[in-house]
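Open the structure in your viewer and keep the selection tool handy. We'll go stop by stop.

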Amino acid sequence: MSIIFDIIHSVFNIYFYALLIYIFMSWIPGARESQIGQFLGSICEPYLEQFRKFIPPIGMFDFPPIVALFVLQLAQVGLNSIQTWI
């Protein structure tokens, strides 16, 4: 059973870093138009879009990616709690 939790934990970590890289790519002009940027956009935008529906950007600041990273971390902590409980 712990192997399943380890795999899910690894997937959470990989997705967290993919989101982080995708967010930082917005600071570099033209980075999101590259092949890597388009690939990361195809896997990150569906998740980020769920948060953009409820949290609009305020001025220059785009808060949905921050909230999305926070929720992903909360899900990972919840998964770790479930693992210790089982």
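Here is a short tour, from the whole chain down to one residue and a pocket.

**Stop 1: the whole chain**

Before you select anything, know that you are looking at a predicted model. Switch to a cartoon view and trace the chain from its start. How many helices and strands does the protein chain have? You'll find three helices and zero strands, so to speak an α-α-α pattern as you read along the sequence. Turn the C-alpha trace around a bit, too: along its principal axes it spans about 45 × 30 × 15 Å.

**Stop 2: helix 1 and helix 2**

Select residues 2–25 for helix 1, then add residues 35–52 for helix 2. The axes of this pair, helix 1 and helix 2, come within 9 Å and cross at roughly 110°. That makes helix 1 roughly perpendicular to helix 2. The crossing of helix 1 past helix 2 is left-handed.

Now show side chains where the two touch. On the helix 1 side, pick Y15, A18, L19, I21, Y22 and M25. On the helix 2 side, pick I36, G37, L40, G41, I43, C44, E45, Y47 and L48. Colour this contact of helix 1 with helix 2 by residue type, and you get 12 nonpolar residues, two polar and one charged.

**Stop 3: helix 2 and helix 3**

Hide helix 1 for a moment and bring up residues 64–85, which is helix 3. Helix 2 packs against helix 3 at an angle of about 110°, with the axes 9 Å apart. Helix 2 and helix 3 are therefore roughly perpendicular to each other.

Who meets whom here? From helix 2, select Y47, L48, F51 and R52; from helix 3, select P64, P65, V67, A68, V71 and L72. The contact of helix 2 with helix 3 has nine nonpolar residues, no polar ones and one charged.

**Stop 4: helix 1 and helix 3**

Bring helix 1 back and hide helix 2. Do helix 1 and helix 3 run roughly parallel or roughly antiparallel? Their axes come within 11 Å and cross at roughly 170°, and angles over 145 degrees count as roughly antiparallel. Helix 1 and helix 3 are therefore roughly antiparallel to each other.

To see this contact, select helix 1 residues including F5, F12, F16 and I23, and helix 3 residues including P65, L69, L72 and L79. The full contact of helix 1 with helix 3 divides into 14 nonpolar residues, seven polar and one charged.

**Stop 5: zoom in on Y47**

Show everything again and centre on Y47, which sits in helix 2. Which residues does Y47 touch, leaving aside those up to four places away in sequence? They are Y15, L19, A68, V71 and L72. Try a distance label between the C-alpha atoms of Y47 and A68: they are 21 residues apart along the chain, yet separated by 7.7 Å.

**Stop 6: the largest pocket**

Last, switch on a surface and look for the largest pocket, with a volume of about 250 Å³. Where should you aim? Select I23, S26, W27, D62 and P65, which lie nearest the pocket's centre among its 13 lining residues. Helix 1 and helix 3 are the elements that give two or more residues to that lining. By type, the lining of the largest pocket divides into nine nonpolar residues, one polar and three charged.

Terms used:
Residues are numbered from 1 along each chain as its sequence is written. This is a predicted model: local features need pLDDT of at least 70, side-chain atom pairs count only at pLDDT 80 or more; totals for chains, interfaces and linings use all residues. Side-chain values use heavy atoms; hydrogens and water are left out. Axes are lines fitted to C-alpha atoms, for helices over the stretch in contact, and angles run from 0 to 180 degrees between N-to-C directions. Helices (H or I, at least four residues) and strands (E, at least two) are DSSP runs, numbered from the N terminus. Angles under 35 degrees count as roughly parallel, over 145 as roughly antiparallel, 65 to 115 as roughly perpendicular and the rest as oblique. Contact means heavy atoms within 4.5 Å. Ala, Val, Leu, Ile, Met, Phe, Trp, Tyr, Cys and Pro count as nonpolar, Asp, Glu, Lys and Arg as charged, and the others, Gly among them, as polar. On a 1 Å grid over the protein atoms alone, a cavity is a set of points where a 1.4 Å probe fits but cannot get out, and a pocket is an open set with protein on both sides within 12 Å along at least five of seven lines; lining residues have an atom within 4 Å of a point. Grid points are joined across faces, edges and corners, and a volume is the space filled by probe spheres set on the points. A crossing is left-handed if the near helix is turned anticlockwise from the far one by less than a right angle, and right-handed if clockwise.
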